[in-house]
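Q: Please take a close look at the paired aromatic rings in this model, with how they are arranged and how far they are covered.
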Amino acid sequence: MIVSTIGQGLLWSLLAIGIFMTYRILNFPDMTTEGTFPLGGAVCVVAITQGIHPLLATLLAVLAGMGAGFVTGILYTKGKIPVILSGILVMSGLNSVILFVMKSPNKGLGHQYPKIQDLFSALHLPDYFDVLLLGALVVLLVIGLLLFFFNTELGQAYIATGDNETMARSLGIKTDRMKILGLTLSNGVIGLSGALISQNDGYADVSKGIGVIVIGLAAIIIGEVLFGELDFWERLVAVVVGSIIYQLIIFLIIYLGFDTTYLKIISSGILALCLMIPQLKQALHLKTGFEKEGH
C-alpha cells in the first residue's frame, strides 16, 4: 500500500505543479482548477470507452484543460473580470460541460478498457509498481519540459510578469499574454493529473474536483516548509515531495481508522497548519530572542 500511496502522490503532484505555476509564479490563485481536474478525467475516460488509445485520450484531456485555462485567461485579461471570479465562472460552467461529455454524473472505466499504465504490463512489475513507474516518468517529463520552457525567452517573460508586472510591461512584455499563457499551461498540467488519476481510480466523476485546490496547495506548502529557500528546479521537486508526503499523511489517517467522510476537513486542517508553521517559527524565534535579551 505504501508503493500505491507514493504512486498516487506522484500523480497528484502534477496537480500541485499546475497550481504552482499560477499561485507561486503569477501570484494569484486560479479557481479553474476545481473544474479542470474533473474535466480532464471525464474527457479521458469517455475517450477511452469510445475506443481511443489511452495515450491519445490523455492528450485530449490535456488539451481540454488548456482550453479551460485559456477561457479563464480571456475573461481575466480581456473581460477585466477579477481572476478569482473568472476562475469561479469557468469552474461553474465546466460542471455542465463535464455532464455533457459523460452524459451522467460519473462514468466507470471497466477492466475491459485499457489504461495508460497497461503500457508497462510487459515488464511484469509487482502490484502498484506500474502506477509508481508511470507517475515517476510523467513527473520527470513535465518538470523537464517546464524547465526547458522557463529557460526560454518566453518563459523568462512569464516569470518576469509574476515577479514585477509593471517592470515587465516597461520592458515591452505583453503581460496579459503571459497571464493567458500561464493559465493555459497550468490547467493543461492539471487536466493531465485529472486524466491519470481517473484512469488509476477506474472512473471519472463530476464532483471529483471539489477541494482539489486544497490538496495542491497543501503539497506546495509542505514542500516549502520542509525545504525553505530553493532554486527554481528544486522548488518543483519540493512540490513533488510535498505531494507524496501529503498522500502518506492521508494514508496514515485512513490506516488509523478515521472516517473517510471527513477527509476534506482534515485536508483543510493540514493546509491551515502548514500555512501557520512559518508564523509559529517566527513567533518562537522572537520569543527566544526576547528571553536571551532578558538574561
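A: The answer below follows the ring pairs one after the other.

This is a predicted model in which local features need pLDDT of at least 70 and side-chain atom pairs count only at pLDDT 80 or more, while totals for chains, interfaces and linings use all residues. Residues are numbered from 1 along each chain as its sequence is written, and side-chain values use heavy atoms, with hydrogens and water left out.

The structure holds 8 aromatic pairs (rings of Phe, Tyr and Trp, the last by its six-membered ring, with centres within 6.5 Å; planes under 30 degrees apart are stacked, over 60 edge-to-face and the rest tilted). One of them joins Trp12 to Phe37 in a stacked arrangement, with 5.0 Å from centre to centre and 15 degrees between the planes. This pair links distant parts of the chain, since Trp12 belongs to helix 1 and Phe37, 25 residues apart from Trp12, to helix 2 (residues 33-49), helices being DSSP runs of H or I with at least four residues, numbered from the N terminus. Trp12 counts as buried because its relative accessibility is 12%, and Phe37 counts as buried because its value is 1% (buried means under 20% relative accessible area, exposed over 50%, partly exposed in between, with a 1.4 Å probe and protein chains only).

Phe20 and Phe232 form a tilted pair, 6.2 Å centre to centre with 55 degrees between the planes. That pair also links distant parts of the chain, with Phe20 in helix 1 and Phe232 in helix 10, 212 residues apart. Phe20, at 1% relative accessibility, is buried, whereas Phe232, at 23%, is partly exposed. Both rings belong to a cluster in which ring pairs link Phe20, Phe149, Phe150, Tyr158 and Phe232.

Terms used:
Helix = DSSP H or I, 4+ residues; strand = E, 2+ residues; numbered from the N terminus.
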